[in-house]
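Hi,

Here is the structure I promised to pass on. Have a look at it first, and my notes follow underneath.

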Amino acid sequence: MSNKLSSSVPTDREVVLGILNNSDDALNKLYVGYFPMILQFILNNNGDEDDAKDVYQEGIIVLYNKIKSGNFELSSKLKTYIYSVCRRIWLKKLAQHSRKTSNIADFEDVIATEDDVEQHEEKDQQFKKMQSALQHLGEPCKTIIQDFYINNLSMQDICEKFGYTNTDNAKTQKYKCLQRLKKLFFQIDLK
Amino acid sequence: MRNEIELEGIIEDYLNGKLTEAETKAFEQLRLNDPSVDHKVVAHKVFLESLRDYAVTLDLKGKMDEAHGHVDVDTLSRKFRPHPSFVVNIWRKNKAALGVAASFILLTMAMLYSIQQNTEQIGSVEQVKRDLTSLKSSQSSLIRKINSTANASIPKNERPANYGGTGFALTANGYILTNLHVIEGAESITVVDNSGEPYKVRVIRTDSQYDLAILKITDNRFKGLSNLPYRLKRNTIGMGEEVYTLGFPKDDAVYGRGYVSSKTGYNGDTTQYQVSIPVNPGNSGGPLLDQQGNIIGVISAKQNQVDGATFAVKSKYIQEALNSIPNDSLGNKVAFSKRNSLQGLSKPKQIEKIKDYVFMIKVYK
């Protein structure tokens, strides 16, 4: 009868443990399991497939961060939580684009998730700022920063990769790059 | 510049916990003494954290994009896209409620099925009986087969009547309405009034569509009736309306009481009501009256295998049948009585008045 979640959905426990253990498989199952629910909601409320993808991914990020932060309690079903978060995010987006928001067609129960969504919005702001700063940083700085801070390469590796004569040069380059990134990051004022 | 780079290196090592214990102690002392160093540590920490958050989120997005690739978005969105049809939208929005309703219906059907299962044997017994009496319809028409042995009460006939039914007066001058299946194939028909007086009748008109037949008393002994006490109800009546009938399942009139259980008859036949009323073979052709004594239909059949499902042709079609009779064949009086002298009377009083207008019909084949 219910065609909402046709694919097999992992249990809530599986998901929480999987995410805490950085299991890609759990993330995959979670993603595939609940996407139809959000797609249905967005499609029936003035959105398209791309909106659904964006909103759903944001929703999963909220859940992911909440689980990772350690203060996640299963006070409701994951399904309800995801639905409520995505719903909240979508309603905000609709309001931002001053699209029609009356008559929301609901498909699931809704719980209060305002705090989580607000927190996420701040983080999302930071993410976008960083993304934009890195884009403006240019090469080779972007790759050096990413290799050192994100991919955790050693100064020695970077030295070899970029052909610096010694690690001191590489260190100086990295320092300059980071200074510029900081400058860009704090300058960017997102609308 | 050199110092700055050195300092940043130390700060990073400090934040990553790569300094030795002594170095950590010394550095913390430096932070306490020099607020500008302390500020740098904090700022660097915050910045590195947001850089790490960025990395984590980017990684997560990448994984989700990969997962998204496994989702068949087209098929799903075709399924969930708001349907232009109102009905489908209703279905989607009220799926849960409809689901409950559907399961309820399923359950009911399962129960009905089991009842059918139980009555299957009885049903087949009735089938045999129908074969014998050569009634082919799946509804058992309510013609009473009169046993020749039980026929002692009508000594006037040389031959015993084979079938019996009920009819009622349409006009005061001897037109009688009954079911077509009661008189079909009859060699001769006799009606018997409440006092047991038999009269010869002639078939004036038959209407196979509504299973109605109009007879006319041709006997010279017939003196005519006084004005009809009942009236034909033109509009249909609602479910739950209490109704009653008078018929001849035996040689004396029998009163039966019930209610309209559905506005349609067998298999959704809109020309009939379904009435929950106990009837037996012999009731066919009997009038169905409401509480005010208006005629609302003609008892015509009951469904075997189903308890209390009797079908009655709606009064509207009686009027139609009446209207379709050419005026001359009815004399000049086709009009049904417009007055209803039964209104407000108690049930026994009503029946007392009606019984003179209800006839037993005896059919010889």
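I'll start with a glycine in chain B: B:Gly258 sits in strand 10 of chain B, which covers residues 254–262. Keep in mind throughout that this is a predicted model. Is B:Gly258 buried, partly exposed or exposed? It is partly exposed, because 18 other C-beta atoms lie within 10 Å, and it takes 20 or more to count as buried. If you skip the neighbours within four places in sequence, B:Gly258 has contacts with B:Val243, B:Val275, B:Ser276, B:Ile277 and B:Pro278. One of these partners, B:Ser276, is 18 residues away in sequence, yet the C-alpha to C-alpha distance is 5.4 Å.

Now chain B as a whole. Its secondary structure amounts to nine helices and 15 strands. Chain B has 365 residues, and 30% of them count as buried. If you take the contacts in chain B between residues at least 6 apart in sequence, 63% connect residues at least 24 apart.

The largest nonpolar core has 53 residues, and the members that touch the most others are B:Ile176, B:Val191, B:Leu212 and B:Leu288. If you want one of them to click on, try B:Leu212. Not counting neighbours within four places in sequence, B:Leu212 is in contact with B:Leu177, B:Asn179, B:Leu180, B:Asp207, B:Val298, B:Val313, B:Ile318 and B:Ala321. Another core, of 35 residues, lies apart from that one, and its members include A:Ala52, A:Tyr56, A:Val62 and A:Leu63.

That brings us to chain A. Its secondary structure is eight helices and zero strands, so to speak α-α-α-α-α-α-α-α when read along the sequence. Of its 191 residues, 32% count as buried. For contacts in chain A between residues at least 6 apart in sequence, 68% join residues at least 24 apart.

How confident is the predictor here? Chain A has an average pLDDT of 80, and 91% of the residues score at least 70. Among the elements of chain A, helix 3 (residues 49–68) has the highest mean pLDDT, at 88, and helix 7 (residues 155–162) the lowest, at 79. Residues 1–6 of chain A have a pLDDT below 50, and this stretch has 10 contacts in the model beyond near neighbours in sequence.

Helix 1 of chain A is a nice one to look at end-on. Which of its residues are buried? They are A:Val15, A:Val16 and A:Ile19. Looking down the axis of helix 1 of chain A, these buried residues fall within an arc of 95 degrees, so they line one face of the helix. As a reminder, an α-helix has 3.6 residues a turn, so residues three or four places apart point the same way. The cover over the buried residues of helix 1 of chain A includes helix 2, helix 3 and helix 4 (78–96) of chain A.

There are a few backbone oddities in the loops of chain A. For context, most residues other than glycine have a negative phi, and most peptide bonds are trans.

- A:Asn22 is not a glycine, but has a positive phi of about 55 degrees. You'll find A:Asn22 in the loop between helix 1 (12–20) and helix 2 of chain A. A:Asn22 is exposed, with 10 other C-beta atoms within 10 Å.
- A:Asn46 is not a glycine either, and its phi is positive at about 75 degrees. A:Asn46 is in the loop between helix 2 and helix 3 of chain A. A:Asn46 counts as partly exposed because it has 18 C-beta neighbours inside 10 Å.
- The peptide bond from A:Glu139 to A:Pro140 is cis, with omega near 0 degrees. A:Pro140 is located in the loop between helix 5 and helix 6 of chain A.

Last, the place where the two chains meet. How many residues does each chain bring to the contact? Chain A brings 31 residues and chain B brings 28 residues. On the chain A side, the elements that give two or more residues are helix 2 (24–43), helix 3, helix 5 (114–137), helix 6 (141–150) and helix 8 (167–187). Helix 2 of chain A gives the most to that side, with 10 residues. By class, the side of chain A that touches chain B has 17 nonpolar, eight polar and six charged residues.

Cheers

Key. Residues numbered from 1 in each chain as written. Chains lettered and ligands numbered in written order. Predicted model: local features only at pLDDT ≥ 70, side-chain atom pairs only at ≥ 80, totals over all residues. Core = buried A, V, L, I, M, F, W, Y, C linked by C-beta atoms within 7 Å. Buried ≥ 20, exposed ≤ 12 C-beta atoms within 10 Å, placed from the backbone. Contact = placed C-beta atoms within 7 Å. pLDDT = per-residue confidence, 0-100. Helix = DSSP H or I, 4+ residues; strand = E, 2+ residues; numbered from the N terminus. Nonpolar A, V, L, I, M, F, W, Y, C, P; charged D, E, K, R; others polar. Arc of directions from axis to C-beta.
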